[in-house]
Amino acid sequence: MNKRQATFVKGLGAIVMVLGLTQCGGREKPNFIYMPDMVYSPAFKAQEKGGMRTPPEHSIPRGFTPYPYRGLPETAGEKLRNPYQNERAVLMRGKVLYQRFCYPCHGVRGEGMGPVTPKYPMPPSLHSTKVRNWTDGRIFHTITMGQNLMPSYASQILPEQRWKIVKYVRVLQRANNPTAADIKALEKW
Ligand code: HEC
């Protein structure tokens, strides 16, 4: 390396150092802005109005199934069908779910004396002629939409779980009002 080359290398080093130092300035402001549009982008603050795109009218979230019987309990009772049969696995799962979600108010047998009562108003018995005559769809509707003091469980219990709970409510009802054939079968058992 001759003298001129050495001077050049030193000079280059000095320039690199100066550039490096200028980068270390305050963090608030960028130094050399070579693409201004990226530095000053029209970014929205979190939760700021206009920050989220307004979804087009009638759009629904992915995987969301709209419930068409809002405010129409009778129609729900007529149109909705329980997709499950009386199978052991369905009833056992229904029992677990009933005891998790319904038991606190409706009691272990559906008579209405759950542990939160009577501090929380006691719900009517699920063994009434009225509820026994309801279709599965009508009970499903009550779980989905709630009823007066009973809140909606749509956000906590999946539709298929609601149907299994309804099946278990039927088990409770039948156990409370067994037919002669049920009693005969039980005696044999
Ligand atoms: C927070 C307490 C609470 C929970 C939990 C609850 N319910 Fe209820 N439920 C009530 C009350 C209170 C009523 C009476 C509402 C009214 O006055 O119409 C009721 C009413 C009902 C009725 C209608 C009874 C009738 O005679 O009109 C059905 C069916 C029912 N509930 C089923 C269920 C099922 C199934 C679950 C579990 C998924 C459940 N409920 C969870 C409090 C509850």
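**Exercise 1. Identify the helices against which the buried residues of H7 pack, and list those buried residues.**

Solution. Begin with the element itself: helices here are DSSP runs of H or I with at least four residues, strands are runs of E with at least two, and both are numbered from the N terminus. Helix H7 covers 136-145. Next apply the burial criterion, under which a residue is buried if 20 or more other C-beta atoms lie within 10 Å of its own, exposed if 12 or fewer, and partly exposed in between, with C-beta atoms placed from the backbone. By that criterion Gly137, Ile139, Phe140, His141, Ile143 and Thr144 of H7 are buried. Finally, take two residues to be in contact if their C-beta atoms, placed from the backbone, lie within 7 Å; the buried residues of H7 then pack against H3 and H8. Beyond its end, H7 is followed by Gly146, whose phi is positive, near 75°.

These statements concern a predicted model, in which local features need pLDDT of at least 70 and side-chain atom pairs count only at pLDDT 80 or more, while totals for chains, interfaces and linings use all residues. Residues are numbered from 1 along each chain as its sequence is written.

**Exercise 2. Determine what the end-to-end distance of H8 is and which of its residues are buried.**

Solution. The expected span of a helix is 1.5 Å times one less than its number of residues. For the 18 residues of H8 this gives 26 Å, and because the end C-alpha atoms are 26 Å apart, the two values agree. The buried residues of H8 are Arg162, Trp163, Lys164, Ile165, Val166, Lys167, Tyr168, Val169 and Leu172. What covers them includes helix H4 (88-101) and H7.

**Exercise 3. Describe the largest nonpolar core and state which helix gives the most to it.**

Solution. A nonpolar core is a set of buried Ala, Val, Leu, Ile, Met, Phe, Trp, Tyr and Cys residues joined through C-beta atoms within 7 Å. The largest such core holds 14 residues, of which Tyr98, Ile139, Phe140, Ile165, Val166, Tyr168 and Val169 touch the most other members. H7 and H8 each supply at least two residues of this core, and H8 gives the most, with six residues. As a worked case, Val166 touches Asn82, Asp136, Ile139 and Phe140 when residues up to four places away in sequence are not counted.

**Exercise 4. Characterise the shell around the ligand by its closest residues, its helices and its chemistry.**

Solution. A residue is near a molecule if its C-beta atom, placed from the backbone, lies within 6 Å of it. In this way 24 residues surround the ligand, and the closest are Cys102, Cys105, Pro123, Asn148 and Met150. Helix H5 (103-106), helix H6 (129-133), H7 and helix H8 (159-176) each supply at least two residues of the shell. For the chemistry, Ala, Val, Leu, Ile, Met, Phe, Trp, Tyr, Cys and Pro count as nonpolar, Asp, Glu, Lys and Arg as charged, and the others, Gly among them, as polar; the shell divides into 18 nonpolar, five polar and one charged.

**Exercise 5. Examine the backbone at Asn148, His58 and Pro118.**

Solution. Most residues other than glycine have a negative phi, and most peptide bonds are trans. Asn148, in the loop between H7 and H8, has a positive phi near 45°, and it counts as exposed because it has 7 C-beta neighbours inside 10 Å. His58, in the loop between H2 and H3, has a positive phi near 70° and is likewise exposed, with 6 C-beta neighbours inside 10 Å. Pro118 lies in the loop between H5 and H6, and a cis peptide bond with omega of about 0° joins Thr117 to Pro118.

**Exercise 6. Assess the overall form of the protein from its elements, radius of gyration and burial.**

Solution. The protein has nine helices and zero strands. With the radius of gyration taken over C-alpha atoms, and the globule rule set at 2.2 Å times the number of residues to the power 0.38, a compact globule of 189 residues would have a radius near 16 Å, whereas the protein has 34 Å. Its C-alpha trace spans about 115 × 40 × 35 Å along the principal axes, and 13% of the 189 residues count as buried.
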